[in-house]
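Okay, thanks everyone, let me get started. I've got one structure to walk you through today, so have a look at it while I talk.

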Amino acid sequence: MIKFRRILCPVDFGANSVTALKIAAELARERGAALYVLHVVAIPSGPEVSLDFSKLEGAARTRLERLVREKVGAGANWEAHVRSGAPAFEVLRAAERWGADLIVMATHGRKGLKHLVLGSVAESVVREAPCPVLTIRPGAAPPAPRRAAATRRARSEA
């Protein structure tokens, strides 16, 4: 069995990234891994951009910590982090910095022209990540309750 000690889960606050967070939290609990939850405040590119993003980062940090407490809860060792920049770059940099063994992240499932125009953070991360990446597609089911696993184990021991 692969030992995941550090799991990185980027979150954009969308419903699918919340599902990815739940899956990452369950994996972290099962494996005794540390869970690093990251939100990136995307900075638009261009020379005219000279805004102060500290207020946006502060609001994102408050929202992220509330979300993680709500969805991850007890039983998992987690840290919440907020960065500003290009999302794919910051996710990859965080994976390197924290020595992630696994990245669990949502995809938006865009295709065709939308994918071409908007790009794909998940695709860039999968292509360049220093570790395995588990992508969660829109509509994926969150993990089943842990009780079911305990029941299966009890039956197999009998």
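I'll go through the fold, then the cores, then one helix, and finish with the aromatic rings.

One thing up front: this is a predicted model. So, the layout. We have 6 helices and 5 strands in the chain, and if you read along the sequence, the order goes β-α-β-α-β-α-β-α-α-β-α. The chain has 158 residues, and 39% of them count as buried. Take the contacts with a separation of 6 or more: 78% of those come from residues 24 or more positions apart. On the outside, the accessible surface is about 9500 Å², with 54% of that belonging to carbon and sulfur atoms.

Now, the inside. Which residues touch the most other members of the largest nonpolar core? That core has 29 residues, and the answer is Ile-7, Val-11, Leu-21, Leu-35, Leu-64 and Val-104. The elements putting in two or more residues are β1, α1, β2, α2, β3 and β4. Of these, α1 gives the most, with 8 residues. There's also a second, separate core of 18 residues, and that one includes Leu-38, Val-91, Met-105 and Cys-131.

Let me pick on Leu-64 for a second. Ignoring neighbours within four places in sequence, Leu-64 has contacts that include Val-11, Phe-13, Val-37 and Leu-38, and also Ala-80, His-81 and Val-82.

Next up, helix α5, residues 121-128. Ala-122, Ser-124 and Val-125 are the buried ones to look at here. They span an arc of only 165° around the axis, so they end up on the same side of α5. As for what covers the buried residues of α5, that includes α3, β4 and β5.

Last bit: the rings. How many aromatic pairs does the structure hold? Just 1. It's Tyr-36 with Trp-98, and they're stacked, at 5.2 Å centre to centre with 10° between the planes. Tyr-36 sits in strand β2 and Trp-98 in helix α3, so this pair ties together parts that are 62 residues apart in sequence. And are those two buried or exposed? Both Tyr-36 and Trp-98 are buried.

Trp-98 has something else going on, too: the charged end of Arg-97 sits over its ring, 5.5 Å from the centre. You get a similar arrangement with Arg-63, whose charged end sits over the ring of Phe-13, 4.1 Å from the centre. And Phe-13, remember, was on the contact list for Leu-64.

That's what I had, so over to you.

Notes:
Residues are numbered from 1 along each chain as its sequence is written. This is a predicted model: local features need pLDDT of at least 70, side-chain atom pairs count only at pLDDT 80 or more; totals for chains, interfaces and linings use all residues. Side-chain values use heavy atoms; hydrogens and water are left out. A nonpolar core is a set of buried Ala, Val, Leu, Ile, Met, Phe, Trp, Tyr and Cys residues joined through side-chain atoms within 4.5 Å. Buried means under 20% relative accessible area, exposed over 50%, partly exposed in between (1.4 Å probe, protein chains only). Helices (H or I, at least four residues) and strands (E, at least two) are DSSP runs, numbered from the N terminus. Contact means heavy atoms within 4.5 Å. The arc is that of the directions from the helix axis to the C-beta atoms. Accessible areas come from the Shrake-Rupley method with a 1.4 Å probe; for residues, only the protein chains shown count as cover. Rings of Phe, Tyr and Trp (its six-membered ring) pair if their centres lie within 6.5 Å; planes under 30 degrees apart count as stacked, over 60 as edge-to-face and the rest as tilted. A charge sits over a ring if NZ of Lys or CZ of Arg is within 6 Å of the ring centre and within 35 degrees of the ring normal.
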